[in-house]
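Let's walk through this one together, starting with the strands and ending with a few aromatic rings. Have the viewer open as you read.

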Amino acid sequence: MQPLAGAGSERPATLADVAAATGLATSTVSRALSNPGRVNALTRERIELAARELNYIPNSQARALTSGKTRAIAVLVSDVTNPFYFGIIRGTQQQLKAAGYTQILIDTEESDELEDGMLHKLRRSFDGAILAASRLTDRRLTALAAEIPLVAINRQTRGVPSVFIDTPSGIEQSIGHLVSLGHTDIAYVSGPETSWPNEGRWRAMLRAAERYGVTVTRLGPFAPRQYAGAAAADAILHAGVTACVAFNDLLAIGMLGRFRERGVDVPGDVSIVGCDDIFGADFCNPPLTTLTAPIEQAGRTAVSMLLNRLDDRATVGVRQTATLPTHLTVRASTGPAPARAAAPTPAPAPAPNSEGRA
């Protein structure tokens, strides 16, 4: 191996520097670093050693120009502050890192326009995309899947590879649980109108209501955030139901706080079921009964499916869909239905503050 002339230089090392240090052609060095399987093991080790000693950092744009691949994957989430996405991001990051890919995280802020725009604006920066809880319409998502290699999480759209977290079956479990406790009037605290899982969960409630012979009411839509729980809790009290299932845990946790402010006992007066089992759901007062979902596994599975699609050698047998089960985790926020005559009158609603929070 030739002396490492680029070592210690303030100028970033290039492919040419690594080639000069190893005495190999630049094209060979490029193949070894971008597609290791195409170079024999001894040569690859020699090149990787020189690259480490030179502190060579690949330029993704330059690599994309020469190989057509960036070795980067875009991961789009609708709200990066929502703990539900922490597990998704952790799962995708771990799987991508193991495969030698970089993760580009994009927060779409619950906006379908921003989601669509960012995918096109950054298209040259990634090889494929993972869309977690996309807010795009079925038609637009199908069109994008024809343009960009992608996998959707928590979405089932014809022609779009997907990882589906089966919360509808969990919703049916939760209705069965509430019915077993004597509840006959149950509300669904709806999430965003643009959320595909939101509609699936409501349809699951209707199926369960018919099976068990109980009444279900839909309230909302509400923002899938904790601050929206105050308005949702007030709506529950106005509706006069004894139990509810919330679109997600953040909304349910916000409702718990509002009920405490109004002197409503949970679960003595009202039972609450959340969805997702995010970090902190078991730290609430009372701890939240919720649907436990394999969130991190969903991220890993989505990456595996996408990388299989990107693999030039994978011509057949690439999985198009994966369904991950959920289950109900019972905690202290659900209990027996109260006797109607014994249900206390809640305290008057305190005025919200300037941010709309109670």
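Two strands count as paired here if DSSP finds at least two bridges between them. Keep in mind that you're looking at a predicted model. With that in hand, take strand β1, residues 72–77: 6 bridges join it to β2, and the two run parallel. One of the residues involved is Leu76, whose bridge partner in β2 is Ile106.

Now zoom out to the whole sheet. It's an open one with 6 strands, ordered β2-β1-β3-β4-β5-β11, and the pairing is parallel. The edges belong to β2 (102–107) and β11 (321–325); each has a single partner strand, so one side of each has no neighbour in the sheet. On average, neighbouring strands are turned by 15° against each other, ignoring direction.

Helices lie across this sheet, too. Helix α6 (residues 112–121) crosses β1, β2 and β3 (128–132), running at about 165° to β3. Helix α12 (residues 295–310) lies across β1, β3, β4 (150–153), β5 (162–166) and β11, at about 160° to β4.

On to the rings: the model has 4 aromatic pairs. In one of them, Tyr188 and Trp202 have ring centres 6.1 Å apart and planes at 25°; planes under 30 degrees apart count as stacked, so this pair is stacked. Tyr188 sits in strand β6 (residues 185–189) and Trp202 in helix α9 (residues 196–212), so the pair ties together parts 14 residues apart in sequence. Both Tyr188 and Trp202 are buried.

Another pair is Phe279 and Phe283, with ring centres 5.5 Å apart and planes at 90°, so this one is edge-to-face. Phe279 and Phe283 are both exposed.

Notes: Residues are numbered from 1 along each chain as its sequence is written. This is a predicted model: local features need pLDDT of at least 70, side-chain atom pairs count only at pLDDT 80 or more; totals for chains, interfaces and linings use all residues. Side-chain values use heavy atoms; hydrogens and water are left out. Helices (H or I, at least four residues) and strands (E, at least two) are DSSP runs, numbered from the N terminus. Axes are lines fitted to C-alpha atoms, for helices over the stretch in contact, and angles run from 0 to 180 degrees between N-to-C directions. Contact means heavy atoms within 4.5 Å. Rings of Phe, Tyr and Trp (its six-membered ring) pair if their centres lie within 6.5 Å; planes under 30 degrees apart count as stacked, over 60 as edge-to-face and the rest as tilted. Buried means under 20% relative accessible area, exposed over 50%, partly exposed in between (1.4 Å probe, protein chains only).
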